[in-house]
Amino acid sequence: MTTETAREARPRIEAIDWLRGVLACCVMLYHVTSWAHLALPVPAERFLFRSGIYAVLSFYVISGISFGFVYRAMRLDAQDLLEFWIKRFFRIAPLYWFAMLGVLGLAAIKTFGHGAPFSTSATALLLNATITFGVIDPASYMVTGGWSIGNEMAYYVALPFLVAAARHRRWSILPLLAVSVAMGAPFAFVWIDASRPLSEQWTTYIHPLCHLFYFVAGVALSVALPPGRLPAITAGVGLALLLIVYTLGPGGGDQATIVTNGAWVYYSVLCILACAVVYAAKVHLPALPSRAMSWLGRSSYAIYLLHPLVYKTLAVLDIQRPGLRVAASVSITLALSHLVYHRIERPMIDAGRRNAPRFATWIRARPRAVMGRFGG
């Protein structure tokens, strides 16, 4: 069995996919309820206030777990690495382009219909089209929430080094985890001020190094914990306790208070623990709930990227009732996400899987072809 075949044969960790879907919904609900100024019960408001930040950061932990689990057998040669990056581009880019076109379309309507100013540079368009802004200029993202996608693409560059460290000895990734935490700590304790709105410090906050340790922690969890071994009852009780502590935790007023100082440590530990519990949990749902959660997991990327676009498009209808505005946004987002997954995401994932070996071979051959042309 080849390395590629072995990777494809690895079973998916369903509970992690389910968690990804739940987190995407948390981000969506936080945004649409806050944009609509919908009054919520205090516990729900506190939970969503925190989830507007930490549900997004938990995606990095999940990615680290997933890729650490699937790619721990990666050969780490040029062919394997190129195939991995090509597949990830096919997975991430098409939906991002779709959302980007939606943003540009809305901007054009507002500009020509209402005289609203809009401008962007050729550099920003290029960085967004190639999704390289996370490495080059994190603040140049054009899609709401796109900053986290740029960071994710940046972390894929680090994955081979993490896999290599984890393969050497199980504990070898711990020094890298410590380094990544040391990179994130100055953001939380020095460079971001809890007394100022986070929106005024957003460019600093979204820097990839601020959040790298979540991804590294996920890879470390994939090495340290066996999946699907923790009894469901134990996992359920543990998650319930973590959610209570999470909801009742410190900070309030502005999100800067929950991403700085002790609150940063508090919520980061809780999120990593929650992802660890889900990864380790032995969960079996009845057929119907299992299908529903799997559908939510498949749709999670589209839910995350498209809900702002749906909400802003619906804004032209000027729906006065906040509850109706939220319900319409959520319903349309879920339906659109289902359609987009099957019409855009799934075909492009399959295309990437089929064509990655050929594209990787072609890319590797280019330097040799150029050298041969010039007599090298």
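This note covers one helix, the nonpolar cores and the cavity of a predicted model.

1. Helix α7 covers residues 146–168, 23 residues in total. From first C-alpha to last, α7 reaches 34 Å, close to the 33 Å expected at 1.5 Å a residue. The helix is not straight throughout: at alanine 158 it bends by about 40 degrees. A proline, proline 160, follows within four residues of that bend.

2. Of the 23 residues of α7, 17 are buried, so the helix is largely enclosed by the rest of the structure.

3. The largest nonpolar core has 93 residues. Those touching the most other members are Tyr54, Tyr96, Tyr205, Tyr214 and Leu305. Helix α3 (residues 42–70) gives the most to this core, with 13 residues. A second core, separate from this one, has six residues, among them Leu82, Ile86, Ala351 and Ala356.

4. Which residues does tyrosine 96 touch, not counting those up to four places away in sequence? They are Asn128, Ile131, Phe133, Tyr141, Met142, Val143, Gly146, Ile149, Tyr301 and Leu305. Gly146 and Ile149 fall within α7, residues 146–168.

5. The structure holds one cavity of 30 Å³ or more. The space in the largest cavity is about 40 Å³. Its lining consists of Tyr54, Leu57, Gly184, Phe187, Ala188, Tyr205, Cys210, His211, Tyr214, Val259 and Trp264. Two or more lining residues come from each of α3, α8 (173–191) and α10 (208–224).

6. The core and the cavity share residues: Tyr54, Tyr205 and Tyr214 are among the core members that touch the most others, and they also line the largest cavity.

Terms used
Residues numbered from 1 in each chain as written. Predicted model: local features only at pLDDT ≥ 70, side-chain atom pairs only at ≥ 80, totals over all residues. Heavy atoms only, no water. Expected span 1.5 Å × (residues − 1). Bend = angle between axes of the 7 residues up to and from the residue. Buried < 20%, exposed > 50% of the residue type's maximum accessible area, 1.4 Å probe, protein only. Core = buried A, V, L, I, M, F, W, Y, C linked by side-chain atoms within 4.5 Å. Contact = heavy atoms within 4.5 Å. 1 Å grid on protein atoms, 1.4 Å probe; cavity = no way out; pocket = protein on both sides within 12 Å on 5 of 7 lines; lining within 4 Å. Points joined across faces, edges and corners; volume = space filled by probe spheres on them.
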